[in-house]
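Me: Please give me a close look at a single part of this model. Pick one residue in a loop, then show me what lies around it in the sequence and in the fold.

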Amino acid sequence: MGIEQAVNNQLNKIPGVKRVVKRCYQGILYALSPKVKVEGDVRCVSPQDDRDYFFGYYDKSPWSSNGRYMLCMAAEETWSQPAPDAPLDILIVDVESGVTRRIADSRAWNVQQGCMAQWLGPDFNSEVIYNDFREGAYCSVIYNIDTDRERLLPQPVYAVTNDGTTALTLDFGRLHTFRPGYGYSSLPDSTKEVKVPEGFCVWRVDLCSGECTGLLSYDQIVSFEPRGEMRGAFHKVNHIMVNPCGNRFMFLHRWFCGQRKYSRLLTCDLDGENLYCLSDDDMVSHCYWKSDSEIIAFENKRDYGHGYYLMKDLTSDYKRLWEALDNDGHPSYSPDRSHVLTDTYPDRRRLSEVKVLEEGDVTGKEARVVARVFSPFRYDNDTRCDLHPRWSPDGRSVCFDAAFEGRRRLYVAPIGEVR
């Protein structure tokens, strides 16, 4: 582990101090470094006016399954607040013609994950689902791009099964309180001062009937294989992801002791049964289902430290991937599961990378860098512009969000390599 990563791991325990140290350190090094804006075969696919454009998180694809259209979101600005009250436009970009079409707007969004806009299965071509705030409540909307009709559901969604029938959701207000940039701010958080709220923390939503069913409660999560640090801590859940076949999901259980944050990865059946603790070594960050039973995660293992690990659900089996990589990123598997796409956070020169790896590359030193982009200081901390790279349906290109031109934009790059 390098000195920078070791210091970063220690500063993670005191986030307020970390922000000040990080900004000063990067500012000094950036002033002394050669200036680079972008490297790689990168093409902007969003409009290039005076608004910010982005897609959102890395676990969803903006492409329709036929590759013809891409979803994109637009806002006046995304650097001053992590969850603005101003409306967000939802756009569809025709990849062939470049024509952009506005299909809706949303008032339930944040700068990291947008309004959860995504193509709805099973065809991922004709319908889009997204979150909104209407008549004083959060909700979700299913919009048909062919008929221009919408159907309203009484709950917002977080993760959706591939067959398009079921969604899982959580408390977006509490999420905003404890993780600005990932929750919604239109309603006050009634649980803000409560360490372990009463009631449910994960719900299941039937996308056909709109029926919402509580799956897991805060008490149930906190009492499941408890740790001493959980006593007297504030608790939340985040980052729900459903496996490809739709029978199990994973989520992060996080708790806060002062400024110290702990995370563990839990998995569960979609009916709330068979809860399992898959990883509990203080830190779990970004994850992705490789298959119905395998999960890649950037996390800590007490015997081996921080890195990427591939775990087997419902077992204690895991293996370390890419020993040379000990920096966090947003990993996802290619459509054929042969490669992993991930990114990096800004380095000392404020440069972030999009890279492709193979599991067979034991060290990770053979990683293929697809793009390298500058991250402006204006987009930082809770309003930072993470790249959140995603695969195209055919696995031949990737897209990512970036702000090296001064505003957030959506970019596409082929799976080549920076020369």
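Reply: Start with R350. R350 is buried, with a relative accessible area of 1%. Buried means under 20% relative accessible area, exposed means over 50%, and partly exposed lies in between, using a 1.4 Å probe on protein chains only. This model is predicted: local features need pLDDT of at least 70, side-chain atom pairs need 80 or more, and totals for chains, interfaces and linings use all residues. Numbering runs from 1 along each chain as its sequence is written, and side-chain values use heavy atoms, with hydrogens and water left out.

Now look at the backbone of R350. Its phi is near 65°. That is a positive value, and R350 is not a glycine. Where does R350 sit? It is in the loop between β24 (340–343) and β25 (351–357). Strands here are DSSP runs of E with at least two residues, numbered from the N terminus.

Follow the chain into β25. This strand pairs with β26, residues 368–374. The two are antiparallel, and six bridges join them. Two strands count as paired if DSSP finds at least two bridges between them. One bridge is easy to find: V356 has R368 in β26 as its partner.

Step back to the sheet. Five strands form an open sheet in the order β1-β26-β25-β24-β23. The pairing is antiparallel. So which strands are at the edges? They are β1 (38–39) and β23, and each pairs on one side only. Both strands that flank the loop of R350, β24 and β25, are in this order.

Compare a second loop residue, D148. Its phi is about 65°, again positive in a residue that is not a glycine. D148 is found between β9 (137–144) and β10 (150–153). Is D148 buried or exposed? It is exposed, with a relative accessible area of 53%. R350, by contrast, is buried at 1%.

A third loop has its own backbone feature. The peptide bond from G121 to P122 is cis, with omega near 10°. P122 lies in the loop between β7 and β8 (127–134).

There is also an open sheet of four strands, in the order β2-β29-β28-β27. Its pairing is antiparallel too. The edge strands are β2 (43–44) and β27, and each has a partner on one side only. β2 runs antiparallel to β29, residues 409–414, and two bridges join them. Look for R43: V412 in β29 stands opposite.

Last, see the nonpolar cores. A nonpolar core is a set of buried Ala, Val, Leu, Ile, Met, Phe, Trp, Tyr and Cys residues joined through side-chain atoms within 4.5 Å. The largest one has 53 residues. L216, I240, F249, F251, L265 and I296 touch the most other members. Zoom in on F251. Leaving aside neighbours within four places in sequence, its contacts (heavy atoms within 4.5 Å) include L216, I221, V237 and I240. N238, H239 and R264 are also among them, as are L265, L266 and L275. Another core lies apart from the largest one. This other core has 31 residues, including F54, M70, A75 and I145. In soluble globular proteins, nonpolar side chains tend to be buried together.
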